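The following explanation leads the reader through the charged side chains and the cysteines of one protein model. Please keep the sequence and the structure in view while reading.

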Amino acid sequence: MDHMISNGVLTVSEEEKVKNEPTQRQRAAMLIKMILKKDNHSYISFYNALLHEGYKDLAALLHGGIPVVSSSDGKDSVSGITSYVRTVLCEGGVPQRPVVFVTRKKLVNAIQQKLSKLNGEPGWVTIYGMAGCGKSVLAAEAVRDHSFLEDCFPGGVHWVSVGKQDKSGLLMKLQNLCARLDQDESFSQRLPLNIEEAKDRLRVLMLRKHPRSLLILDDIWDPWVLKAFDNQCQILLTTRDKSVTDSVMGPKYVVPVESGLGKEKALEILSLFVNMKKADLPEQAHSIIQECKGSPLVVSLIGALLRDFPNRWEYYLRQLQNKQFKRIRKSSSYDYEALDEAMSISVEMLREDIKDYYTDLSIIQKDVKVPTKVLCILWDLEMEEVEDILQEFVNKSLLFCDRNGKSFLYYLHDLQVDFLTEKNRSQLQDLHKKMVTQFQRHHQLHSLTPDQEDCMYWYNFLAYHMASANMHKELCALMFSLDWIKAKTELVGPAHLIHEFVEYRHILDEKDGTDCENFQEFLSLNGHLLGRQPFPNIVQLGLCELETSEVYRQAKLQAKQEVDNGMLYLEWVNKKNMKNLSRLVVRPHTDAVYHACFSEDGQRIASCGADKTLQVFKAETGEKLLEIKAHEDEVLCCAFSADDRFIATCSVDKKVKIWNSMTGELVRIYDEHSEQVNCCHFTNISSHLLLATGSNDYFLKLWDLNQEECRNTMFGHTNSVSHCRFSPDDQVLASCSADGTLKLWDVKSANERKSINVKQFFLNSEEPQEDLEVIVKCCSWSADGAKIMVAAKNKVFLFDIHTSGLLAEIHMGHHSTVQYCDFSPHNHLAVVALSQYCVELWSMDSGLKVADCRGHLSWVHCVMFSPDGSSFLTSSDDQTVRILELLNNRIFQSRNAHKTTVRHIQFTADGKTLISSSDDSAVQIWNWQSEDPFFLQAHQETVKDFKLLKNSRLLSWSFDGTVKVWNITTRRIEKDFVCHQDTVLSCDISSDGAKFSSTSADKTAKIWSFELLSPLHELRGHKGCVRCSSFSVDNTMLATGDDNGEIRIWNVSNGELLHLCAPISVEEGASTHGGWVTDLCFSPDTKMLVSAGGYLKWWNVLTGESSQTFYTNGTNLKKIHVSPDFKTYVTVDNLGILYILKILE
């Protein structure tokens, strides 16, 4: 009757009524009488219950009378699940019920009750318990309910198997989820490039496309992983660690799952496996359940064995009682005792001829599903033979199988992976070598194509197998191959490859540390391009590397071969003259570097991080001076004293320590904080040293190095203190907190002076203040102490210290989070670390970005200027500290300037006359050798630009919609064309001087004759402002470019559209030209066209297809200057970098 109750056919009171009958016969009669009064589903449930309880003969008598259920309710006749539920769960990736399944109705109801309490609002329901206790099955069962889904989650259910992940692995999980939620690609055609972007994408998809849906996160290990999903969703998660939700906000409910089944449920599982009534099970069944403590996974494993060998009850019981297995402890949260025993028995009972095949599975990684084709290659067997072997393992519950379309994917449970790894440790290297050797026999790297079943596996795990096989030479050849990088990044993006370079760095450095550095740098600098569509030409990117780089050598070799076949490539001629910002890169730590700082004299650098050490090295050479095992847990911050005699460190272990900076001797230990200490900073004047520290206990403390106890404790913050800094005169201490405030404290009295609510700058009318979380990350004082810079979320603020007024606000973009910032000690430059692994320099005066510094392969935690402001350092999760020098900027000023900003300037051919235009409505003409300047004034609004014509004529165009022809000699207007209703953005002149073109913000272009005041042709079709135009050399064609990145080519004689160079559409309407099309130029033979915008593109005029793309370091290219032979190109980006490019021949 348990089965019928779980199906909702019988109630508990009806069950009691049946049980109260005095005899077995009367109980059966009462049950049948009840069933006859119910519907067809009751009959079906009764039939299934007879089968499950082992009454096959009775079930056979009823089989002919099984009713056909009408399609209106869509219920499955066997499982009792409606077609609606099946569809929702299948689309959401929810696993099916196990082959042998027993209900745990009480737990399922508890989960549903907790989910109902969310009431459609964001929140968390956690199912937690030991490994193997059935958490995932329970999570899936909770949503296998028609009315529950319709009432609570009409938007659907989405299942994600998470497991233990690093950041690149988590990004891949998020990418896959976003792709599943946006299958029609209505939101985006490219995957998110980092976790922050993925989190934001997921939030939008869940809010707009899948409202009122449930996200199920299976097997969560780490609290930081949950933060990626903390975006206003309803979430059900399974975990072995109850505390994982401590890191997230919102309502939280917990459903604990006991580690083992009750005796009756466990017996039911065994009875279903061996097809016996529970009452007929032998005594050994009870003893087996007692020995394994009712572990669902162990009971299932032994049940599967007994299904094939039903007479071995005593044998399996004896194995459990007597066999002593070494406990596997990969994590403190594991308890594998019962599982190990059951798995060992299962492996031993395999047929002798397939045991070695199971041993080969020891090299499969956790959470990895392996296509059958991979194992065909490994074992040199036909597909059918391999499937037969693997099915044996599946039948014994030693392997799991997923069907992906027509193919099968096989995977091991985490605990099985650990078991096999430990059992076969001595063979692992040879097993990995076998996998690589077999791959080399069957595949060539260049022959792998995405349509091959095993393609993705090799791209993701070939390097892992090579490293594990100790095949260092082969690994270096693979990782230092531009072909491999191209193929892998095109298929899976750059994140996984960058992770591999970090993970296998110790091996790759053995061949040539310089080569490894070259490829890492190449991936880091171009990672933002390698994740986009259309995929960039990686050979062209490689040609931008320095000539000494192995990347460049391979790219040049490939380019020369392809040039012979008609491919276009460009050499950056002057790149060797570009000074590299990175002066020094050191790798002092074996794990993430959380903080680094200069000594006051700028000669030394101290760094600390996740490896619990403090490192000190020379700033000029990177030579190590000290290495100290500083704390018992991660070291979060370090600081030199003003006289450079001491270094302070603080840690997750709640301690603050003072060290002699020269000898490494421990001077003091302070342990008054009750939570981890996040920051420490010394006063700037050495006459009286004070140290400030901030902690997760919400307190700031001041320490006098001459005293053993804290001098002052500062109360006021209502959440963790994340950062603190003394003012230049040491009178004020600034502190930042997760409570959303910046506070200023009087150092002498330790009293709070003022508090600035940074959180208010992120509020909107839709979100209540109490629901908004704003962590103020860090702060930095200006050199004069009058201003303070503050970083929070994706913004940097500049405040006036005296008035608390906001002076400036810089928005870093929706997908960026500011990790750290620092003010230059001598000017208004600020260095900012962002979440996309990059560092940027900003002018706080103008609010403009000055430089973009890439190179780190992971999160940048800290940035800091040197005391003289000539360089700055960065520290990162990629285990490196980088020192970067600032380029000297030369500033030129005009002696005779316009009254407003000068926009354009040009000499006449004889060099005697200088023509300029500005933001006013005049054009200035100046014979700089002999005369004062004069002005051509007739435009009613700002002059946009001008061009020189023959015979002392000049063409000017303006925001007033007109184009005017001037005689420079007479200073008079000769022709006045009223061209557009909106701003004229550009003009071009045909080579014969007879025609000109005009383009406008009104989204049109026009072709004019100088002889007529009305246009020859009006060119319509652009959907954005038409920003530029260019005549072909033979004057037969006109190219126009707009703000959407679209280029159109027109017939000059009749105004018809000839070709459309239209980039593929991408998310949010962004142009794949990287922005506006700002300039165009035809080749002399009119077969090619080059365009400028966010970067440079070359086009085949006949086909409208892109021939090549050159990505500049900066963006917003205004002009492209082309040599007469169309082989040399010059442009400048918004960072001021000059590019001289030549076609490779």
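Glutamate 1018 is partly exposed in this predicted model, its relative accessible area being 37%. Its side chain meets that of arginine 1020 in a salt bridge, with 2.6 Å from N to O. Arginine 1020 has a relative accessibility of 57% and therefore counts as exposed, since the term applies to values over 50%.

A salt bridge with buried partners is found elsewhere in the chain. Glutamate 141 and arginine 144 are joined through their side chains, again with an N to O distance of 2.6 Å. Glutamate 141 has a relative accessible area of 10%, so it is classed as buried; arginine 144, at 13%, is likewise buried.

Another pair consists of aspartate 988 and lysine 947, whose closest N and O atoms lie 3.8 Å apart. This salt bridge connects distant parts of the chain: aspartate 988 belongs to strand 46 (residues 984–989) and lysine 947 to strand 42 (residues 943–948), with the two positions 41 residues apart in numbering. Aspartate 988 is buried, with a relative accessible area of 13%, whereas lysine 947 is partly exposed at 27%.

Salt bridges may also be joined to one another. Arg351, Asp353 and Glu392 form such a network. For the structure as a whole, the count comes to 31 salt bridges.

Other charged residues contribute to the surface instead. Which residues form a negative surface patch? The patch is made up of Glu382, Glu384, Glu385 and Asp388. Glutamate 382 is located in the loop that runs between helix 19 (372–379) and helix 20 (383–395). With a relative accessibility of 54%, glutamate 382 counts as exposed.

The cysteines remain to be considered. How many disulfides does the structure hold? The number is zero, and two cysteines serve to illustrate the reasoning. The cysteine sulfur closest to that of cysteine 638 is in cysteine 608, at 3.7 Å, which is too far for a bond, because a disulfide requires the two sulfur atoms to be within 2.5 Å. Cysteine 638 itself is buried, with a relative accessible area of 1%. For cysteine 779, the closest cysteine sulfur is in cysteine 736, at a distance of 3.5 Å, and this too is too far for a bond. Cysteine 779 is also buried, its relative accessible area being 1%.

Key. Residues are numbered from 1 along each chain as its sequence is written. This is a predicted model: local features need pLDDT of at least 70, side-chain atom pairs count only at pLDDT 80 or more; totals for chains, interfaces and linings use all residues. Side-chain values use heavy atoms; hydrogens and water are left out. Patches are made of residues with over 30% relative accessible area and no salt bridge: like charges are joined within 9 Å, nonpolar side chains (Val, Leu, Ile, Met, Phe, Trp, Tyr) within 5 Å. Accessible areas come from the Shrake-Rupley method with a 1.4 Å probe; for residues, only the protein chains shown count as cover. A salt bridge is a side-chain nitrogen of Lys or Arg within 4 Å of a carboxyl oxygen of Asp or Glu. Lys and Arg count as positive and Asp and Glu as negative; His and the chain ends are not counted. The place of a charge is taken as NZ of Lys, CZ of Arg, CG of Asp or CD of Glu. Helices (H or I, at least four residues) and strands (E, at least two) are DSSP runs, numbered from the N terminus. Buried means under 20% relative accessible area, exposed over 50%, partly exposed in between (1.4 Å probe, protein chains only).
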